[in-house]
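Here is a quick tour of a two-chain model, sheet by sheet and helix by helix. Have the viewer open and follow along.

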Amino acid sequence: MFIKLAQKSLKNRAGSVVLTVLAMSVSIFVLLAVEHIRQQSKASFASTVSGVDLIVGARTGSLNLLLYSVFHIGSPSNNISWASYEKIAQIKQVDWAVPISLGDSHKGYRVIGTSTDFFTHFSYGNKHKLKFSEGAAFEKLYDVVIGAELAAKLNYKLGDKIVLAHGVAKTSFSMHDDKPFTVVGILEATGTPIDQSLYVSLAGIEAIHTGWQHGVKQPGSAVNGTPTQQLKPESITAFMLGLNSRLAVFKTQREINNYRGEALSAILPGATLAELWQMMSLMENSLRFVASLVFVAAILGLSAMLMASIRDRKHEIHLLRIIGAPPGFIFLLIELEALIICLLSMLLATLTLTASLSLSHSFILSHFGLSISSNIFSPNSLYLLLSIAVAALLLAAIPALNAYNSAKKP
Amino acid sequence: MSIELSNLRFTYKDSPNQTVLHIDHWQVGEQEQVFIHGPSGSGKSSLLNIISGVQSPDSGDVYVLKHALHQMKSRQRDRFRAQNIGYVFQQFNLIPYLNAIENIELGNYFASGEKADKRFIQELLKELNIAENLWLKPCSKLSIGQQQRIAIARALVNKPRLLIADEASSSIDYHNRDMFMKLLMSLSKEHNISLLFVSHDMSLKHYFPRVEAMTDINRVEAN
């Protein structure tokens, strides 16, 4: 009877209730979204690279190096020479080294020139190794391995021929169309930027640029016949190192930073991510702050709506009193109405958030290199929802007390 | 005795110097039908609030159906009122967004906390001549006459021993009012319920064997 009364009373005021629910759900949507994206982006960033001890590139800010080498965000400041790479790969603490060469793209997706060691040594998430869902690593000069999402989106199969573009812009006017690549492998989905990348051999990158000068194609030159081994690159963008012992990380880092031949930076991916979080925390906190202000505004709106309704319901409250309702019943009735509105708003907010996250998943992945899961129910978000409900009940206590008082004094 | 008041004093908390009610002694017998008239401000609503236990007096004894209301806690009085006193108003008798059955069930809910006996409710509605097609309509869609009859049904659902009608008939036309008064009188007789009818409309007094002026009961001068 109690719940029926609250339900029917809300239904009777459907107009203002719907508007309040909309206002509340917008604010809950924002709160949940900020919290969820914050958590997920951290998790996603952290899971993009694992098992790599050091990343080495031209001397630059560590953040910049991390972002362009692993997340494909921004552009490298300078290349490093192949000779330095070979020299550092020889250091005795180094277990393995994987070169990375950036600068080309295919339909807006990044092309990464690397060695086959990439597929054996690079790991993501909780030390997951890369796996091929179809085919295998590149062997020949014009072989390409593509990420899962890219394969699905552009509908590429093994054996398809694709043309790379010079530069990383979505629309490029200089195509390497004289040297098409053949898809030989498709990677399993990882939920990292790898899903949206293409991998070719360094020799392949070298081959398509032979005959180019200053970024412009020079006519009448081709290397179709040249064997892979002879196409040594002069320079690469960066390289990743795995060490024999983690204890050697700082020593090796220092060694590379003091490398005489060239100005290099070596960074620890984990430490640099921590640096990134520190920078982001100010923004995160202000986002959260704004989101909570929006929420406070919404529950104040809820209170105001209930408060106004009580003035209209003076007779109803008096009648309930006369037929035997204690003042506490009236108080709880208003609180229950607030709770119902709050729960409806939560439902609406979580549904829209889940829907919009799953719709925008690939957009976010391709533009920000972040994989945001559409499952928003983490312990953290449940805790947040609970506090939202508590906050709504606390603020609804104002109109509820108002009703209580008007019930006490007829 | 169904109502017995003695040495009663009542003031509003916001203006403690102004006594609203001062009654030396006043009583209503079992199954008596009493008409109380008086202008507004004469203390009628305060008297009804004290008899029904919505408010408690500053001093004095209030016995309703032999229960000492002045010794009860507010919660107990609420329960007592739900179980023993039926109430009919001039207007706003019903929760507008509930239907007839739900309004009557609500009256039962506060008295027993249990689910109401559906058959008994239906019998009541039939006895009060409310067509079956109106039972499930929201009460705001019904006429005032229909609403008042449903209100009587609600007042009777807990088989009360005292029925209070507060300006209950003035908002309906003459014909309906006559029907309503006759219904109220015969129902209270039939179910052995004491009836306390409060109104400023003197034309209704001929239905009642006992007529009292508020100014005679209350020793505070109306101002």
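## The parallel sheet of chain B

Let's start in the middle of things: B:Val34 has B:Leu196 of E8(B) as its bridge partner. That pair belongs to the link between strand E3 (residues 33-37) and strand E8 (residues 194-199) of chain B, two strands that run parallel and are joined by 5 bridges. Bear in mind while you look around that this is a predicted model.

Zoom out and you get an open sheet of 5 strands in chain B, paired in parallel and ordered E6-E7-E8-E3-E9. The edges belong to strand E6 (85-89) and strand E9 (210-213) of chain B; each has a single partner strand, so one side of each has no neighbour in the sheet. On average, and ignoring direction, neighbouring strands here are turned by 15° against each other. Helix H1 (residues 44-52) of chain B packs on this sheet, where it touches E3, E6, strand E7 (162-166) and E8 of chain B. The direction of H1(B) makes about 155° with that of E7(B).

## A phenylalanine in the edge strand

Strand E6 of chain B also holds B:Phe89. Is B:Phe89 buried or exposed? B:Phe89 has 21 C-beta neighbours inside 10 Å, and the cut-off for buried is 20 or more, so B:Phe89 counts as buried.

If you want a long-range pair to click on, try B:Phe89 and B:Pro209: they are 120 residues apart in sequence, and their C-alpha atoms are 21 Å apart in space.

## The antiparallel sheet of chain B

Chain B has another open sheet, this one of 4 strands with antiparallel pairing, in the order E2-E1-E4-E5. Strand E2 (19-28) and E5 of chain B are at its edges with a single partner strand each, so each has one side without a neighbour in the sheet.

At the E5 end, strand E4 (residues 59-64) of chain B pairs with E5(B) in the antiparallel sense, over 2 bridges. Look for B:Val64 there, which stands opposite B:His67 in E5(B).

## A two-faced helix

Now for helix H4 (residues 118-127) of chain B, whose buried residues are B:Ile121, B:Leu124 and B:Leu125. Looking down the axis of H4(B), you'd find these buried residues within an arc of 95°, so they line one face of the helix. What do they pack against? The partners are helix H3 (100-112) and helix H5 (144-156) of chain B.

Flip H4(B) around and the face turned away from the buried side carries B:Arg119 and B:Glu123, both exposed. After H4(B) comes B:Asn129, which has a positive phi, near 65°.

## A covered strand in chain A

Over in chain A, strand E11 (residues 181-187) is mostly covered, with 6 of its 7 residues buried. Which strands does E11(A) pair with? Strand E7 (residues 132-135) of chain A is one of them, antiparallel over 3 bridges, and here A:Phe132 stands opposite A:Leu187.

Strand E8 (residues 143-146) of chain A pairs with E11(A) in the parallel sense over 4 bridges; in E11(A), A:Thr182 is the residue opposite A:Asp143. Strand E9 (residues 161-162) of chain A runs antiparallel to E11(A), and 2 bridges join them. There, A:Ile162 stands opposite A:Phe181 in E11(A).

## Where the chains meet

The contact between the chains takes 15 residues from chain A and 20 residues from chain B. On the chain A side, helix H1 (2-12) and helix H10 (314-322) each supply at least two residues. H10(A) gives the most to that side, with 5 residues. By type, the chain A side divides into 7 nonpolar, 4 polar and 4 charged residues.

## How sure is the predictor?

For the complex, the predictor gives an ipTM of 0.89 and a pTM of 0.77. Chain B averages a pLDDT of 88, and 96% of the residues score at least 70.

Which elements of chain B have the lowest and the highest mean pLDDT? Helix H6 (residues 174-190) of chain B has the lowest, at 86, and strand E5 (residues 67-68) of chain B the highest, at 94.

Technical notes
Residues are numbered from 1 along each chain as its sequence is written. Chains are lettered from A and ligands numbered from 1 in the order in which they are written. This is a predicted model: local features need pLDDT of at least 70, side-chain atom pairs count only at pLDDT 80 or more; totals for chains, interfaces and linings use all residues. A residue is buried if 20 or more other C-beta atoms lie within 10 Å of its own, exposed if 12 or fewer, and partly exposed in between; C-beta atoms are placed from the backbone. The arc is that of the directions from the helix axis to the C-beta atoms. Two residues are in contact if their C-beta atoms, placed from the backbone, lie within 7 Å. Two strands pair if DSSP finds at least two bridges between them. Axes are lines fitted to C-alpha atoms, for helices over the stretch in contact, and angles run from 0 to 180 degrees between N-to-C directions. Ala, Val, Leu, Ile, Met, Phe, Trp, Tyr, Cys and Pro count as nonpolar, Asp, Glu, Lys and Arg as charged, and the others, Gly among them, as polar. pLDDT is the predictor's confidence in each residue, from 0 to 100.
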